[in-house]
Amino acid sequence: MGSIRVLAGAFFSIFFLFPLFTLPGQTNVSVVSLSSEIFRLETLASGAAVGAVVPSPRDRFNAFLTLAHLHKLSGNHQAALRAYEGALSLFPNDGRALLEQGRFLISIGEYERATVVINSLPRGGEFELAGRYLGAKLVAFRSGYTRHLSALADDPDFAQYRSGIYYTLWRLTGLDSYQTRLIAEFPRSPEAGIAGGRVNPAATPLWLLFPGRDSVVFSPAPPSLAITAPAPAPATPAPPAPALAAAAAGSAETAATGSFLQAGLFSQEANAVSFAQRIRSAGFEPRIIPRQVNGRDHWAVGVNGGSDTNIMIRRLRDAGFESFPVQ
């Protein structure tokens, strides 16, 4: 599987397209077989003793996260997901692992699972901010609805995410104003490099999530910017399934009394019902509405927006659910 250069036997960062690399200023560089390093990490993650040393739960946790990183870069999505699950089986509420797993799930299009993971992030502190930022990105990628993300751009609490916010808004809306602000306020960021034609990003609109910022390749000549924003998936109401007659009635009530605030979209009815139960447990009255997305049956879960949708959006967010109004 090739070799990668590592610092003192530990993996820090590798480029997806290059099997060998050296970081500036790196010393004591050795060459390690990728397959042997994965085997070593899998052994460590399993809890097996190495000589007389039994790895601690934290050692195993870190090994799982490193495995997830390597599998992501090699394109083995299922192995990466198994590694995240292994890490979270040891520390279920670890914000770092949940955040990384959420980013990865968005990057591979697993939006339903990503929503559940993001809503599981610890409340308060850095992980709540990161979760709100990632949740707003998820809504924008999934539906094209960018109001939540643009609101974060002017919130001082989210200053550390502003370059990524500007970049995403620019790509999704096509507005030059976001491109101009990005280049003016964050000229040394990879996002500004792309906006100014100085950087080639990975060939995906989701490069910020996976492979990530490490994937940028500086080019001596301005390349053409061929990346296009992902078009929002069409979502048109479908005739209600018999099992969801009550949900259909709820949608009619929603139309009469206010907008529908969608908090999740699921391709399996059982997952939609489970998510609705979580919303109900938080003190809301959930609705499940059948939809057709790209010709396939889906179920939208949310609540009636009432007379003031902004207040309801804030109430849902305070309870750990990101939402946005839909027709």
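These are my notebook entries on what I looked up in this predicted model.

**Entry 1: the whole chain**

I started with the overall count and found 13 helices and 9 strands in the protein chain. Of the 327 residues, 46% are buried. I then turned to contacts between residues at least 6 apart in sequence, and 60% of these join residues at least 24 apart. For the accessible surface I noted about 16000 Å², with 55% of that belonging to carbon and sulfur atoms.

**Entry 2: helix H2**

Next I went to H2, which covers residues 57–74. Does its length fit what 1.5 Å a residue predicts, or depart from that; what is the span between the end C-alpha atoms? The 18 residues should span 26 Å, and I find the end C-alpha atoms 26 Å apart, so the two agree.

I listed the buried residues of H2 as Phe61, Ala63, Phe64, Leu65, Leu67, Ala68, Leu70, His71, Lys72 and Leu73. I was pleased to note that a lysine and a histidine, Lys72 and His71, are in that list. The cover over these buried residues includes helix H1 (34–46), H3 and H4. Just past the end of H2, I stopped at glycine 75, which takes a positive phi of about 85°.

**Entry 3: helix H3**

I gave H3 (residues 77–90) the same check. With 14 residues at 1.5 Å each, the helix should span 20 Å; the end C-alpha atoms are 21 Å apart, which agrees.

Which residues of H3 are buried? I wrote down Ala79, Ala80, Leu81, Ala83, Tyr84, Gly86, Ala87 and Leu88. A reminder to myself while reading such lists: an α-helix has 3.6 residues a turn, so residues three or four places apart point the same way. Among the elements that cover the buried residues of H3 are H2, helix H4 (95–107) and helix H5 (111–119). H3 is likewise among the elements that cover the buried residues of H2.

**Entry 4: the cavities**

I moved on to enclosed space and found 4 cavities of 30 Å³ or more. The largest has a volume of about 120 Å³. Its lining is made by Thr115, Ile118, Asn119, Gly135, Leu138, Val139, Arg142, Gln262, Ala263, Gly264, Glu322 and Phe324. Two or more of these residues come from each of H5, helix H6 (125–143) and strand E6 (260–266).

Which element gives the most to this lining? It is H6, with 4 residues. Sorted by class, I get 5 nonpolar, 5 polar and 2 charged residues around the largest cavity.

The second largest cavity holds about 100 Å³ of space. I noted its lining as Ile118, Asn119, Leu121, Arg123, Glu128, Gly131, Arg132, Arg317, Gly320, Phe321 and Glu322. Here H5 and H6 each supply at least two residues, and the largest share, 3 residues, comes from H6. By class, this lining has 3 nonpolar, 3 polar and 5 charged residues. Reading the two linings side by side, I see Ile118, Asn119 and Glu322 in both.

**Entry 5: histidine 148**

I followed Glu322 from the cavities to one of its neighbours, histidine 148. This histidine sits in helix H7 (residues 147–153). Is it buried or exposed? Its relative accessibility is 8%, and since buried means under 20%, histidine 148 counts as buried.

Leaving out residues up to four places away in sequence, I found that histidine 148 touches Ala136, Ile313, Arg317, Glu322, Ser323 and Phe324. Of these, Glu322 and Phe324 also line the largest cavity, while Arg317 and Glu322 line the second largest. I also looked at the separation of histidine 148 and glutamate 322: they are 174 residues apart in sequence, with their C-alpha atoms 9.1 Å apart in space.

**Entry 6: glycine 144**

My last stop was glycine 144, in the loop between H6 and H7. Its relative accessible area is 37%, so I put glycine 144 down as partly exposed. Finally I checked glycine 144 against leucine 169, which lies 25 residues away along the chain; their C-alpha atoms are separated by 9.8 Å.

Notes
Residues are numbered from 1 along each chain as its sequence is written. This is a predicted model: local features need pLDDT of at least 70, side-chain atom pairs count only at pLDDT 80 or more; totals for chains, interfaces and linings use all residues. Side-chain values use heavy atoms; hydrogens and water are left out. Buried means under 20% relative accessible area, exposed over 50%, partly exposed in between (1.4 Å probe, protein chains only). Contact means heavy atoms within 4.5 Å. Accessible areas come from the Shrake-Rupley method with a 1.4 Å probe; for residues, only the protein chains shown count as cover. The expected span of a helix is 1.5 Å times one less than its number of residues. On a 1 Å grid over the protein atoms alone, a cavity is a set of points where a 1.4 Å probe fits but cannot get out, and a pocket is an open set with protein on both sides within 12 Å along at least five of seven lines; lining residues have an atom within 4 Å of a point. Grid points are joined across faces, edges and corners, and a volume is the space filled by probe spheres set on the points. Ala, Val, Leu, Ile, Met, Phe, Trp, Tyr, Cys and Pro count as nonpolar, Asp, Glu, Lys and Arg as charged, and the others, Gly among them, as polar.
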